[in-house]
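Got the viewer open? Here is a short tour, stop by stop, with something to select at each one.

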Amino acid sequence: MGFLVNNVQVLFAGLALGSIYALVALGFVLIVRATNVVNFAQGDFAMLGGFAMVAFLSGGLPYWLSFVLALVVLGIFGIIFALGVYYPLRHRSFLPVIISTLGASIFMQNTALYIFGPQPRAMDRIFKTQGIEVGGVFMDTQYLAILGFTAIAVAFQYILFERTLLGKKLQATSQDKDMARLVGIPVASMIAFTFIYSAVLGGLAGALVSPILFVSIGMGSIIALKAFAAAIIGGFGDIRGAIIGGLLLGLVESFGAQYISVAYKDAFAFLLLFVFLLFRPQGIFGEKISEKA
Amino acid sequence: MTNVSASNKPVPAPERSTNPLDPTRPRAPNRRRAGRIIALIVIATLIALIPFIFKLSPYVLNIFMQAATYAIAVLGMTVVLGYTGQINLAQATFFGLGAYAVGLGTVVLGLNFWLALVMGIGVAALAGFVLGLTTLRLGGHYLAMITISFQQIFNLVLVNWSGVTQGPDGVSGIARPSLFGLRFSDDRAYLLLCTVFLYAAMYFVWWLPQTRTGRAMRAIRENELAAEVTGIDTLRVKVIAFTLSSALGGIGGALFASGFAYISPDNFDFSRSVEFLTMVLLGGAQSAFGGVLGTSLLIVLPEWLRFLKEIYLAVYGLAVILIMVFLPTGIWGLIRARLDRYKKPTPVDISAIATLDLDIPVTDPSPILSLENLEKHFGGVKAVDGITLEVMRGTVHTLIGPNGSGKTTMLNVLNGIYKATGGNIKFDGVDITHTKPHERAGLGIGRTFQNIRLFPLMSVIENVMVGAQRANNPVGDGQLALRERALSALKFVDMADHAERMVKNLPYGHQRLVEIARALAGHPSFLLLDEPAAGLNQTEKQKLGELLKRLKGHGLTVFLIEHDIGLVEQVSDTITVLNFGKKIAEGEPAYVLRHPDVMAAYLGETAHANA
């Protein structure tokens, strides 16, 4: 019985962690689809989300207001990012853009370091109660909140993309920019919107995970790496893949830490990635990669 | 090359140049070249001797030592990123492997430094080789991701496997080497040793682009698909580039460890990899000088930018973005462009170029190519749906059909860009259905593309030399032979006087001709041309028609896709018509072009009824 309870608990923690990866991976995949750009600063959106909340909370604002404001700040930041990092390089190959986002990541982390200092900041949890017990399984309320918000975000995104005109325009933009432009879709605005939305998703992940991980300038990098791994495992550029890949990675990590080694917990994600790249490089949902002549 | 003969015959074009960026540029007169080399040696010697001439503080010597060892690792980035166009975000790992090999080798195992150094280079190169072999076929985004993962795992191992790596405390007390009884314990002497290694690395990286492998690397950077189809084993060349880069990283790290006597995992983390990347980009990724320049700047810069204090790294991040936006070729690229403006390209003496040998003896009456029930499906779409076809030697065989009828797909299956879903391809009696594109090029299958695929940032002659260097090309191996072959091919398409120009500066019609010359330089027995007349004006089309007829006279087999029916009728021996991936007619032009099914396919069913 204890064995089962224990495993359910690990499963639960893994799903919560995986949700964070999934949220960041989702933002990452959306940008890839819209612009073919791999954004290495995606994790730093989460870091900024955490620090924005810390700033608002220490300014004395109520929790939920801080939460909403943090997301708004990230949305604005998304536009700045699109204009400063993506837009000037939009006609160049993927290499300069990747490098430019790496530069943005260094810039964001060190600006945060300058403003907030090197000490990790603690953040209040969403709910006052630490956890609830169901059938002997202790469930952390913050994990529950993470799972809940992720479910809402995924549902929201599904409705946005599949049921609204804006979603159709976004899809058209990601499939064929020239054609979209010809039928009168404002492609530049759609891309800007994608960056805003992705930044908000990253900020949401940061705000949710901060009470567990502490807010630190390096938190984004490690989340981002896992999220990229998740996106590739799921199938590069596939939205379902980002979610499933994220959850899978969270599970592998928490079970690996439980049964194999805590010290190497961060390595499991990368090992899983290597395995996928060797035997199924197109990921779970991905199409075969090929170039047209 | 000797000029003893008294005749005033023009000397064949020289094969090497003094310019590392553009290796085929003709050599300056020998005396000036010798002068330059001597000047370079004098400057290099003076730089190396600076510590012995001026009195430098140990702090400054340390900075120099750091710059020299980093620069060697950065030169590795020049090879992999600058020449080959592959991203590597794990150079600090290879640097670290070299450093730990020397650190642990000399301190824990008590090995001799030189043995540990060789071990370090070996371990780093092996790691690069294995990583490259398993992941380079993916390229692009994946490679970025994989190298970062590798970097992270390396750091986790360094920190956590403390039994071997001594964990976060690092390795201290690493001794300086000695050579022939001479100990490099003095910082100045050790710096001199690092400088000698750096010069050797620079020479190697400067020399590399002019070699066959170096040219192949740059072709991959410019257009990987075209490089493969032209006959370059792209995976092999990329793995070579990655291995060389890792080995250079290992050398730098090994010298670093002994220089600073202490190493810890912090020296080799992801941010160091990003630093190496920034150094190579800032200086200019495409030349050995750029890498060293970028390294020196980024190591000295923090000293000058002390006033920025805590925001230094933020400014650094911003600088990376600004470099990408405003300095895509780096500082050295900018300097180079300025210098090149004053350089006059030496005119090519066209009359001295030998006539291109294209002859393929046609003795065997069997078809050169036979397709049996060839299929290519994409999901449910049958782009090529069971084609059986024979192409006879020495003929022009043309494939026509409406848009989307599967012509280009068929060409892509023929030279191996796509794998056939079913059926088989026999070339010259050999089944090639499962071979790779570069292997098919090696058998004598040449190709041009509908949307031209050249190597834009290489000169015209270099583009064509890549074509000449395919496996089994009966033109000889040396650089001179390749160059002569390329010039002959250019002369054949009337482009020899443009040999030294950069391809990206050529007009469209000329680019088409260069692409054909690239294919011809490989002495193909079978040439695939995908809509060569597309986008050409009337005069250019006429020239193309004449060119195709000239080709026929040499026994070469041409497999042509073309929409210009006038041209098709003029040059074809046989025409095959495709529609919806199926063959609907085949035969002589006069017969096929008047075939009711063909007219229906092109003009629609009503036209058929009225006909």
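A word on terms before the first stop: two strands count as paired if DSSP finds at least two bridges between them. Keep in mind, too, that this is a predicted model.

**Stop 1: the six-stranded sheet.** In chain B, pick out β8, β9, β10, β5, β11 and β12; in that order they make up an open sheet with mixed pairing. Now look at the edges: β8 (445-448) and β12 (582-587) of chain B each have a single partner strand, so one side of each has no neighbour in the sheet. From one strand to the next, the twist averages 15°.

Next, zoom in on residues 574-579 of chain B, which are strand β11, and add β12(B): the two pair in the antiparallel sense over five bridges. For one particular pair, click on B:Asn579 and find its bridge partner in β12(B), B:Lys582.

Then show residues 508-521 of chain B. This is helix α19, and it packs on the sheet, touching β8 and β9 (526-530) of chain B. The direction of α19 makes about 175° with that of β8(B).

**Stop 2: the four-stranded sheet.** Stay in chain B and select β4, β3, β6 and β7, which form an open sheet in that order, with antiparallel pairing. Which strands stand at the edges here? They are β4 (381-391) and β7 (430-431) of chain B; each has a single partner strand, so one side of each is left without a neighbour in the sheet.

Inside this sheet, strands β3 (residues 369-378) and β6 (residues 422-427) of chain B run antiparallel and are joined by five bridges. Try B:Leu369: its bridge partner in β6(B) is B:Phe427. Add residues 407-414 of chain B to see helix α15 packing on the sheet, where it touches β3, β4 and β6 of chain B. Its direction makes about 65° with that of β4(B).

**Stop 3: where the chains meet.** Show both chains. Here 35 residues of chain A are in contact with 36 residues of chain B. On the chain A side, select α4 (94-116), α9 (219-234) and α11 (265-279), each of which supplies at least two residues. The most come from α4(A), with 14 residues. Color that side of chain A by residue type and you get 29 nonpolar, four polar and two charged residues.

**Last stop: all of chain B.** Zoom out to take in its 24 helices and 12 strands. The C-alpha trace of chain B spans about 95 × 65 × 45 Å along its principal axes. Of the 611 residues in chain B, 50% are buried.

Methods
Residues numbered from 1 in each chain as written. Chains lettered and ligands numbered in written order. Predicted model: local features only at pLDDT ≥ 70, side-chain atom pairs only at ≥ 80, totals over all residues. Contact = placed C-beta atoms within 7 Å. Nonpolar A, V, L, I, M, F, W, Y, C, P; charged D, E, K, R; others polar. Axes fitted to C-alpha atoms, helices over the stretch in contact; angles between N-to-C directions. Buried ≥ 20, exposed ≤ 12 C-beta atoms within 10 Å, placed from the backbone.
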